Amino acid sequence: MAPEKPFHVAVCGGGIGGLCLVIGLLRQKVSCTIYEAAPAFAEIGAGVSFGPNAVRAMELIRPLIAKGFENCVTLNGWPEKKETWFDFRVGKSESRDGQEALIDVHVADVKSGKLGQTSVHRAHYLDELVKLVPDGVAKFGKRLKNVTEDGEKLILFFEDGTREEADAVIGCDGIKSRTRHILLGANHPAANAVFSGKYAYRGLIPMDKAVCALGDELARNSQVYMGHHGHVLTFPIDQGKIMNVVAFRTKLDGKWEDPMWVRPSTTEDMFADFVGWGDKVQSILGLMENPDVWALFDHPPAPVFYKGRLCLLGDAAHATTPHQGAGAGQAIEDALVLSNLLGRVNSPADLEDAFKAYDAVRRPRSQRVVITSREASHLYELENENIGYDLDKARKELEVRCKWIWDEDLSAQVKTAQDSMAKKPVGRL
């Protein structure tokens, strides 16, 4: 698959989105280099989930990406729960205005398709992607400082004092994206991520201990425990050897003033945040050793994902909270659409047309994911004013709210973007 296109693309950032994009570009015979700030490819965090849309996007970019996912994916442990995304149940009794949400009541078994809840260990999945990137495509220790124009080329300046040139630059450099600052301007109101009002304790529990504390069904299959201003989710990772735990809370003042978004916490602080929760949640928290607390940030909607031949992808474009398990999947959808569009470009002069079509198709959908993810957290934490503690209303909403994400026709999305790029403005030759 030697590159044939008469242009070169610089991809800044070697996470899941950047690697999927590079794999897609190479399949489309687009010359590219990936610049990673770290000394090697690495991912932060343990489990990451993908919906059925994300798995289809992997297959469409290159089937070997989906094969790599299959090599390290963990599913729910019980065969009868294979199609379950999460089982929702009440984790803390609540009552208000004649409505009651009683502890341990099962609220909903939300189905997401034939694979149900899927998770991979971030580092293991990244290893599978790296296998698909030929030697010489990646350069490490390259933290982007600035991008400028020099005639027909873009010049990338890195913190190590080096510079490189390319015909286009795609920023896949995460939620604290330098590329986003360059594109929008450092003082733009959407340049920086904002605190979502939620934070989470994260930890890992050996599965044998989880089974002893919770029983086989609750430990080996994905669960959400709902309560006012908080929810706790668990799901198996590492081929079922580990139970991943994320315990969310609302910060009532809506502020996060600590410059660190991730910091060590204590068991005492965690238990203080979940006073009055039921035995199952207390058992889960009691098994979490050395929990970290993560502040959850997301991006205000950017007015555009590209400027000239500079473009954003993944968390750099639309960082979201994790409440729909959809953030990484949106990066892979981005990579699918953008690699296919750039595969249609035959001249550097047409690169901006590809970015414009990408922006038109991907920005509305990905930004809707950001908005609805925040809304999902309000539902899980019994903060939705229209639903309150009415568990029947909650069940009906839970069962359908993510279908628009999961059921997307990705081939049609690609075609819409390609058709948009093919349309020439009036008066243009």
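**Close-up views of a predicted model**

**View 1. The N-terminal stretch that UniProt annotates.** For "transmembrane region", an unreviewed UniProt entry lists residues 6–26. The model shown here is predicted. In it, residues 6–26 are 52% helix and 24% strand. The C-alpha atoms at the two ends of this stretch lie 13 Å apart.

**View 2. The whole chain, for orientation.** The protein chain holds 15 helices and 21 strands. Its radius of gyration is 22 Å, close to the 22 Å that the globule rule gives for 429 residues, so the chain is as compact as a globular protein of that length. Along its principal axes, the C-alpha trace spans about 65 × 45 × 45 Å. Of the 429 residues, 55% are buried. Contacts between residues at least 6 apart in sequence were also examined: 75% of them join residues at least 24 apart. The exposed surface comes to about 18100 Å², and carbon and sulfur atoms supply 51% of it.

**View 3. The segment annotated as FAD-binding.** The unreviewed UniProt entry places the feature "domain: FAD-binding" at residues 305–370. Helix accounts for 61% of this segment and strand for 8%. Its end C-alpha atoms are 15 Å apart.

**View 4. Two nonpolar cores.** In soluble globular proteins, nonpolar side chains tend to be buried together. Here the largest nonpolar core has 79 residues. Phe50, Tyr125, Ile170 and Leu342 touch the most other members. Another core lies apart from it and has 34 residues. Phe235, Phe248, Ala326 and Val369 are among them.

**View 5. The surroundings of Tyr125.** Neighbours within four places in sequence are left aside here. Beyond them, Tyr125 is in contact with Ile16, Cys20, Phe50, Met58 and Ile65, among others. The list also includes Gly68, Phe69, Cys72, Val120 and Ile332.

**View 6. Aromatic pairs.** The structure holds 17 aromatic pairs. In one of them, the ring centres of Phe69 and Tyr125 are 6.4 Å apart and the planes stand at 85 degrees, so the pair is edge-to-face. Phe69 sits in helix 3 (residues 63–72) and Tyr125 in helix 4 (residues 122–130), so the pair ties together parts that are 56 residues apart in sequence. Phe69 and Tyr125 are both buried. The rings of Tyr199 and Tyr201 have centres 6.0 Å apart and planes at 75 degrees, so this pair is edge-to-face as well. Tyr199 and Tyr201 are also buried.

**View 7. An aromatic cluster.** Six side chains come together in this view: Trp85, Phe86, Phe88, Phe235, Tyr380 and Trp406 form one aromatic cluster. Phe235 also belongs to the core of 34 residues.

**View 8. The loop at Asp104.** Asp104 is not a glycine, yet its phi is positive, at about 75 degrees. Asp104 lies in the loop between strand 6 (99–101) and strand 7 (106–111). With a relative accessible area of 39%, Asp104 is partly exposed.

**View 9. The loop at Asn290.** Asn290 is not a glycine either, and has a positive phi of about 50 degrees. The loop that holds Asn290 runs between helix 9 (279–287) and strand 19 (292–298). Asn290 has a relative accessible area of 69%, so Asn290 is exposed.

Conventions
Residues numbered from 1 in each chain as written. Predicted model: local features only at pLDDT ≥ 70, side-chain atom pairs only at ≥ 80, totals over all residues. Heavy atoms only, no water. UniProt positions renumbered as here; feature names shortened; annotations may be inferred. Helix = DSSP H or I, 4+ residues; strand = E, 2+ residues; numbered from the N terminus. Core = buried A, V, L, I, M, F, W, Y, C linked by side-chain atoms within 4.5 Å. Buried < 20%, exposed > 50% of the residue type's maximum accessible area, 1.4 Å probe, protein only. Contact = heavy atoms within 4.5 Å. Rg over C-alpha atoms; globule rule 2.2 N^0.38 Å. Areas by Shrake-Rupley, 256 points an atom, 1.4 Å probe, with all protein chains shown as cover. Phe/Tyr/Trp six-rings, centres within 6.5 Å; stacked < 30°, edge-to-face > 60°.
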